Amino acid sequence: MYIPSFNKLEDPKEAISFMQRYSFATIVSVKDGLPVATHLPFIISQQDDKLILKSHFAKVNPQAIDSIDTRVLVIFTEPHAYISPKHYEKVENVPTWNYLAVHAYGKYTLLEGADKKAALLKETINYYEADYLKQWDSLPDTFKQNMMKGITAFEIVVDDLQAKSKLSQNKTQKEINSIIKELRHSENSNEKDIADYMSQLKKKDS
């Protein structure tokens with residue numbers, strides 16, 4: 001990902017926090033020279049000094065098998081906002097877009113066996129809807145086993161993490177304040193989130 005120096009998110013903890021907040025991501029692999037992508041919910045965790053991503057495909061998805069032992073890319077991105085040039089002090093300006101994105105690269109490895117699949121599903125349920133775990137545990141084993149037969153579980157050990165935070169860092173404080181004010185009063189949740197991220201950056205730099 002192209003990242004100008006002033007847009008680089010340097011702190012890995014901030015990047016990981018962003019990934020955990022916007023954990024419905026896109027996994028991209030290459031098959032016969034063509035990119036292939038699937039949108040999946042991920043579990044992001046740290047084990048010792050390793051950053052690990054876990055998820056599962058529908059078993060019938062060809063990407064589940066085609067990705068084995070290959071290096072893949074997972075893209076995390078969500079809040080974004082159009083930025084009007086009306087906020088800038090100079091007339092010679094053009095519109096742009098503010099956003100955050102994290103690209104995680106790593107080797108795709110299958111989590112084979114019923115025990116590993118069951119553990120992944122429990123971890124996923126606990127992360128996204130912990131209250132459902134009791135219901136899941138009460139379901140018949142035959143039902144759960146049939147469900148697990150229909151998925152391919154996997155993990156990715158991240159070996160390259162690229163994080164970009166494009167939040168008007170190259171603008172004046174007056175311009176930044178104007179952008180934050182407008183986005184904060186927007187009815188669009190994405191724009192409000194960008195305003196929050198810009199405000200956090202402003203506090204960090206002050």
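This note walks through the sheet, its helices, the cavity, two pockets and some unusual backbone angles.

1. **Status of the model.** This is a predicted model. Every point below should be read in that light.

2. **The sheet.** Start with the sheet. It is open and has seven strands. Their order is β2-β1-β5-β6-β7-β4-β3, and the pairing is antiparallel. β2 (34–41) and β3 (43–47) stand at the edges. Each has a single partner strand, so one side of each is left without a neighbour in the sheet. From one strand to the next, the twist averages 35 degrees.

3. **The β2 edge.** How many bridges join β1 to β2? There are eight, and the two strands run antiparallel. β1 covers residues 24–31. For a landmark, find Val30, which stands opposite Pro35 in β2.

4. **The β3 edge.** Now go to the other edge. β3 and β4 pair in the antiparallel sense over five bridges. Ile43 stands opposite Lys54 in β4. The two strands form a hairpin, with two residues between them. Asp48 sits in the turn and has a positive phi of about 60 degrees.

5. **From β4 inward.** On to the pairing of β4 with β7. This pair is antiparallel too, and has seven bridges. Leu53 has Ile156 in β7 as its bridge partner. In general, side chains in a regular strand alternate between the two faces of the sheet.

6. **Helices on the sheet.** Two helices deserve a look here. α1 (residues 12–21) lies across β3, β4 (50–58), β5, β6 (96–110) and β7. α1 runs at about 85 degrees to β6. α3 (residues 114–128) also packs on the sheet. The strands that α3 touches are β2, β3, β4 and β7. The direction of α3 makes about 100 degrees with that of β4.

7. **The cavity.** The structure holds one cavity of 30 Å³ or more. Its volume is about 30 Å³. Which residues line this cavity? They are Pro41, Phe42, Ile43, Lys54, Ser55, His56, Leu120 and Thr124. β4 and α3 each supply at least two residues of the lining. β4 gives the most, with three. By class, four lining residues are nonpolar, three are polar and one is charged. Note the link to point 4: Ile43 and Lys54 are both in this lining, and Ile43 stands opposite Lys54.

8. **The largest pocket.** The largest pocket has a volume of about 240 Å³. Twelve residues line it. Leu9, Glu14, Leu100, Tyr197 and Gln200 lie nearest its centre. α1 and α7 (189–205) each supply at least two lining residues. The lining has six nonpolar, three polar and three charged residues.

9. **The second largest pocket.** About 180 Å³ of space lies in this pocket. It is lined by 13 residues. Closest to its centre are Glu10, Pro12, Ala15, Leu161 and Gln162. α1 and β7 each supply at least two residues of the lining. β7 gives the most, with four. Nine of the lining residues are nonpolar, one is polar and three are charged. α1 is thus a landmark for this pocket and for the largest one.

10. **Positive phi values.** Most residues other than glycine have a negative phi. Two loop residues should be checked against that background. Asp69 has a phi near 60 degrees, a positive value in a residue other than glycine. Asp69 lies in the loop between α2 (62–66) and β5 (71–83). Ser168 is not a glycine either, yet has a positive phi of about 65 degrees. Ser168 is in the loop between β7 (151–166) and α6 (173–184).

11. **Exposure of these two residues.** Is Asp69 buried or exposed? Asp69 counts as exposed, because its relative accessibility is 52% and the cut-off is over 50%. Ser168 counts as buried, because its relative accessibility is 5% and buried means under 20%. Both have a positive phi, but Asp69 is exposed, whereas Ser168 is buried.

Definitions and conventions:
Residues are numbered from 1 along each chain as its sequence is written. This is a predicted model: local features need pLDDT of at least 70, side-chain atom pairs count only at pLDDT 80 or more; totals for chains, interfaces and linings use all residues. Side-chain values use heavy atoms; hydrogens and water are left out. Buried means under 20% relative accessible area, exposed over 50%, partly exposed in between (1.4 Å probe, protein chains only). Two strands pair if DSSP finds at least two bridges between them. Axes are lines fitted to C-alpha atoms, for helices over the stretch in contact, and angles run from 0 to 180 degrees between N-to-C directions. Contact means heavy atoms within 4.5 Å. On a 1 Å grid over the protein atoms alone, a cavity is a set of points where a 1.4 Å probe fits but cannot get out, and a pocket is an open set with protein on both sides within 12 Å along at least five of seven lines; lining residues have an atom within 4 Å of a point. Grid points are joined across faces, edges and corners, and a volume is the space filled by probe spheres set on the points. Ala, Val, Leu, Ile, Met, Phe, Trp, Tyr, Cys and Pro count as nonpolar, Asp, Glu, Lys and Arg as charged, and the others, Gly among them, as polar.
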